[in-house]
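Here is a short note on some side-chain contacts and one surface feature of the model below. Please read the points against the coordinates.

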Amino acid sequence: MKSISWQSLEYVHKEKSSDWFWVLGILATAIAITSIIFGNILLAVIVAIGAFVIAMLAAREPNVITIEVNEKGIVIERTFYPFKTLKSFWVDDEHHHGPRLVLRSQKPFAPYVIVPINYEDLDELREFLEAKLEAEPFEESPLQIFIERLGF
């Protein structure tokens, strides 16, 4: 049974400046105060908790994960994606943060799984996946581009 595996950071980490956190705090505070003025205390609490969670995630360093592509599917750390639950794939070797594997799943709310590739032979990886899935070019949505510009 053949498999291809590599280790990579779980995502590309961009160091956030203190100004980034100040802007997050000021925006969250303004939205929370506005919602309190309009009598929506629940929204103020949700915004405060959301801002705190975003700040914690922004400051967190990425873990090193193991990715394995085998005959049955793709294992990303401890999560298994069988080929029968995936629609297509794309090896994006022109992304500005380095090559990445884009998997399109059949899930309506989480249709894409994007994994950085730290494997030397991208052609071998493409050939292996083409035997199991259809190759479909991946176009980033405007929302994804906006999120990357924010530093995520």
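1. R60 is partly exposed in this predicted model, because its relative accessible area of 33% falls between the 20% limit for buried and the 50% limit for exposed. The side chain of R60 meets that of E10 in a salt bridge, with an N to O distance of 3.0 Å. The two partners sit in distant parts of the chain, 50 residues apart. R60 belongs to the loop between α2 and β2 (64-69), while E10 belongs to the loop between β1 (4-9) and α1 (18-37).

2. On which side of the cut-offs does E10 fall, buried or partly exposed? E10 has a relative accessible area of 25%, so it counts as partly exposed; the limit for buried is under 20%.

3. A salt bridge also joins the side chains of E71 and K132, at 3.1 Å from N to O. E71 lies in the loop between β2 and β3 (73-76), and K132 in the loop between α3 (122-130) and β8 (134-135). The pair therefore ties together parts of the chain that are 61 residues apart in sequence. Each partner is partly exposed: E71 has a relative accessible area of 33%, and K132 has a relative accessibility of 35%.

4. E77 and R78 form a further salt bridge through their side chains, with N to O at 3.5 Å. The accessibility classes of the partners should be noted separately. E77, at 34% relative accessibility, counts as partly exposed. R78, at 75%, counts as exposed, because the cut-off for that class is over 50%.

5. How many salt bridges does a search of the whole structure find? The count is seven, and the pairs described above are R60 with E10, E71 with K132, and E77 with R78. As a general matter, side chains of opposite charge can pair when their charged atoms come close.

6. The surface also carries a nonpolar patch of about 770 Å². Its members are I36, I41, V45, I49, F52, V53, M56 and L57. Helix α2 (residues 41-59) supplies the largest share of the patch, namely seven residues.

7. V45 can serve as an example from the patch. The residue is found in helix α2 and has a relative accessible area of 43%, so V45 is partly exposed. That value also satisfies the patch criterion, because members need over 30% relative accessible area.

Terms used: Residues numbered from 1 in each chain as written. Predicted model: local features only at pLDDT ≥ 70, side-chain atom pairs only at ≥ 80, totals over all residues. Heavy atoms only, no water. Patch = residues over 30% accessible without salt bridge, like charges linked within 9 Å, V, L, I, M, F, W, Y side chains within 5 Å. Areas by Shrake-Rupley, 256 points an atom, 1.4 Å probe, with all protein chains shown as cover. Salt bridge = Lys/Arg side-chain N within 4 Å of Asp/Glu carboxyl O. Helix = DSSP H or I, 4+ residues; strand = E, 2+ residues; numbered from the N terminus. Buried < 20%, exposed > 50% of the residue type's maximum accessible area, 1.4 Å probe, protein only.
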